Amino acid sequence: MEQIINYLSNVNWLSYVFYNILITLFCIGFYYLLRNKSDKVKYYTILSLLILGILLHFSKLLIPEYQQTMPNSLIEITLSSPCAISALTFPFIFISKNKTLKDYMIVFGVISGIATLLFPLDIHGKSMFDVDVIRFYAAHLIILLTPLFTYIFKIYTPSKKWIKHTLLILLLVCLVIVVNNDLFNVLVLKQPSAFAGLGKYFR
């Protein structure tokens with residue numbers, strides 16, 4: 001909460017308003033562009049955007065500020081956050097037939113996409129047209145837009161167990177993030193595991 005308050009007190013409101021208006025217009029345009037297209041066109045358009053999302057995720061390492069902080073910045077392309085996991089897994093969830101995963105994709109994708117765009121903490125302090133700012137908004141637009149229009153175009157409709165499924169997968173996602181970040185610290189940064197001290201409780 002303190003981080004959000006600090007962000008709001010120092011936010012670049014011109015950049016904030018500009019990108020959120022642009023994203024809103026893009027979503028409206030996307031709807032009118034595809035609403036009368038065939039289901040196949042809608043499906044493959046969304047799938048193409050999801051693949052683009054993966055490319056945008058890995059493109060971080062092409063940005064100088066990430067290159068200058070190697071190897072620490074390598075964690076940015078791993079399963080280090082909910083949005084990173086969304087970017088890397090949504091294409092595979094989209095083409096799967098697993099209702100549990102698809103419920104999670106629709107519900108969490110829309111909620112997390114909106115939350116991240118309303119509170120873009122990762123780009124706080126950066127200029128309006130910074131390369132990473134543009135990449136950030138494009139990547140998170142995809143995380144929001146693809147599940148939203150998967151639902152709007154009736155490609156998939158969440159099941160009656162969507163709350164249970166979303167919470168179940170979210171718990172798994174949190175576990176993956178904790179393990180991923182700890183392994184990164186141990187294997188890449190050569191730091192001790194955060195769980196190293198737990199061994200004494202099992203002796």
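These legends walk through a handful of close-up views of a predicted model. Residues are numbered from 1 along each chain as its sequence is written, and side-chain values use heavy atoms, with hydrogens and water left out. Since this is a predicted model, local features need pLDDT of at least 70 and side-chain atom pairs count only at pLDDT 80 or more, while totals for chains, interfaces and linings use all residues.

**View 1. A nonpolar patch on the surface, with α2 giving the largest share.** Here you'll find Trp13, Val17, Ile21, Leu25, Ile28, Tyr31, Tyr32, Tyr151 and Ile152, which together offer about 880 Å² of accessible area. The elements giving two or more residues are α2 (13-34) and α7 (131-152), and α2 puts in seven residues. Helices here are DSSP runs of H or I with at least four residues, strands are E runs of at least two, and both are numbered from the N terminus. Patch members have over 30% relative accessible area and no salt bridge; nonpolar side chains (Val, Leu, Ile, Met, Phe, Trp, Tyr) are joined within 5 Å, like charges within 9 Å. Areas come from the Shrake-Rupley method with a 1.4 Å probe, and for residues only the protein chains shown count as cover. Isoleucine 21 sits in helix α2 and, at 47% relative accessibility, is partly exposed. For that label, buried is under 20% relative accessible area, exposed is over 50%, and partly exposed falls in between (1.4 Å probe, protein chains only).

**View 2. A salt-bridge network takes in Glu65, Lys126, Asp132 and Arg135.** A salt bridge means a side-chain nitrogen of Lys or Arg within 4 Å of a carboxyl oxygen of Asp or Glu. Glutamate 65 meets lysine 126 at 2.9 Å, N to O. That pair links distant parts of the chain, 61 residues apart: glutamate 65 is in helix α4, lysine 126 in the loop between α6 (99-118) and α7. Lysine 126 also meets aspartate 132, at 2.5 Å, N to O. As for cover, glutamate 65 is partly exposed at 32%, lysine 126 is buried at 19%, and aspartate 132 is buried at 1%.

**View 3. Glutamate 76 and lysine 60 pair up loop to loop.** Their side chains form a salt bridge at 3.1 Å, N to O. The partners are 16 residues apart, with glutamate 76 in the loop between α4 (64-67) and α5 (82-95) and lysine 60 in the loop between α3 (39-58) and α4. Glutamate 76 is partly exposed at 29%, while lysine 60 is buried at 9%.

**View 4. Helix α6 crosses α8 roughly perpendicular.** The axes of α6 and α8 (residues 162-187) come within 8 Å and cross at roughly 85 degrees. Axes are lines fitted to C-alpha atoms, for helices over the stretch in contact, with angles from 0 to 180 degrees between N-to-C directions; 65 to 115 degrees counts as roughly perpendicular. Contact (heavy atoms within 4.5 Å) involves residues including Leu101, Tyr104 and Phe108 of α6 and Trp162, Ile169 and Val173 of α8.

**View 5. Some backbone oddities: a cis peptide bond and positive phi values.** Most residues other than glycine have a negative phi, and most peptide bonds are trans. Methionine 70 and proline 71 are joined by a cis bond, with omega about 0 degrees; proline 71 is in the loop between α4 and α5. Lysine 154, in the loop between α7 and α8, has a positive phi of about 60 degrees and is exposed at 67%. Lysine 190, in the segment after α8, also has a positive phi of about 60 degrees, and is exposed at 66%.

How values were computed: Angles under 35 degrees count as roughly parallel, over 145 as roughly antiparallel, 65 to 115 as roughly perpendicular and the rest as oblique.
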